[in-house]
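Here is a quick tour of one protein chain, with a stop at its backbone oddities and its charged pairs. Keep the viewer open while you read.

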Amino acid sequence: MRGMVGRMVGARLADGTTLGRFELRERFCERARGLLGTGPDAMPIVIMPCHSIHCVGMRYAIDVAFLDGGGRVLLVRRALRAGTILCCHGAAAVLERPAVSGPWPREGSHVELFDLSGGESRPKRKVSEHG
């Protein structure tokens, strides 16, 4: 069985604003679980591929941003409440974090993801290059 923790990626807006470190969730079980079972101090995650999410069973609100294959932000929701189901046509990935203040993408902006595995930054990858 491979490690429980996914690969770490960094995320930043095209203007250079850093969104932080995210755990990449690519396997089916990881994607289906999302942030479920975590607390409001959970590590932010990128779920890829993903075009819909649910907050059924969540104990806290989350911020979400759906991205297309090129990193363009299609849909943003802040402080999404437990029990919510949300779909986004054309999305290839979603950023999720516990609802907090601070930098977060806006619809129409672009997000760049870059690999942080091994402790060094590697060239950015397109959202559509999952797996």
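## Around Phe28

Let's start with Phe28, which sits in helix H1, a stretch covering residues 28–33. Bear in mind throughout that this is a predicted model. Phe28 counts as exposed because its relative accessible area is 59%, above the 50% cut-off. If you want a partner to measure against, try Ile47: its C-alpha lies 9.7 Å from that of Phe28, and the two residues are 19 apart along the chain.

## Two backbone oddities

Some background first: peptide bonds are mostly trans, and a negative phi is what most non-glycine residues have. So where does this chain depart from that?

One spot is the peptide bond between Met48 and Pro49, which is cis, with omega at about -5°. Pro49 belongs to the loop that runs between strand S3 (45–47) and strand S4 (52–54). The other spot is Ala79, which isn't a glycine yet has a positive phi of about 55°. You'll find Ala79 in strand S6, residues 73–80. With a relative accessibility of 43%, Ala79 is partly exposed.

## Salt bridges at Arg7 and Arg27

Side chains carrying opposite charges can pair up when the charged atoms get close. How many salt bridges turn up in a search of the whole structure? The count is eight.

One of them joins Glu26 to Arg7, with an N to O distance of 3.3 Å. This pair ties together distant parts of the chain, 19 residues apart: Glu26 is in the loop between strand S2 (18–25) and H1, while Arg7 is in the segment before strand S1 (8–13). Arg7 is partly exposed, at 30% relative accessible area.

Another salt bridge pairs Glu30 with Arg27, and here the closest N and O atoms are 3.1 Å apart. Is Glu30 buried or exposed? Glu30 is buried, since its relative accessible area is just 8%, and the cut-off for buried is under 20%. Arg27, on the other hand, is partly exposed at 35%.

## The Asp63 network

Now look at Asp63, which forms a salt bridge with Arg78; their closest N and O atoms are 3.3 Å apart. Again the pair bridges distant parts of the chain, with Asp63 in strand S5 (residues 62–67) and Arg78 in strand S6, 15 residues apart. Asp63 is buried, at a relative accessible area of 1%, whereas Arg78 is partly exposed at 41%.

Which residues make up the network of salt bridges here? Asp63, Arg78 and Arg97 are linked in it.

Terms used: Residues are numbered from 1 along each chain as its sequence is written. This is a predicted model: local features need pLDDT of at least 70, side-chain atom pairs count only at pLDDT 80 or more; totals for chains, interfaces and linings use all residues. Side-chain values use heavy atoms; hydrogens and water are left out. Helices (H or I, at least four residues) and strands (E, at least two) are DSSP runs, numbered from the N terminus. Buried means under 20% relative accessible area, exposed over 50%, partly exposed in between (1.4 Å probe, protein chains only). A salt bridge is a side-chain nitrogen of Lys or Arg within 4 Å of a carboxyl oxygen of Asp or Glu.
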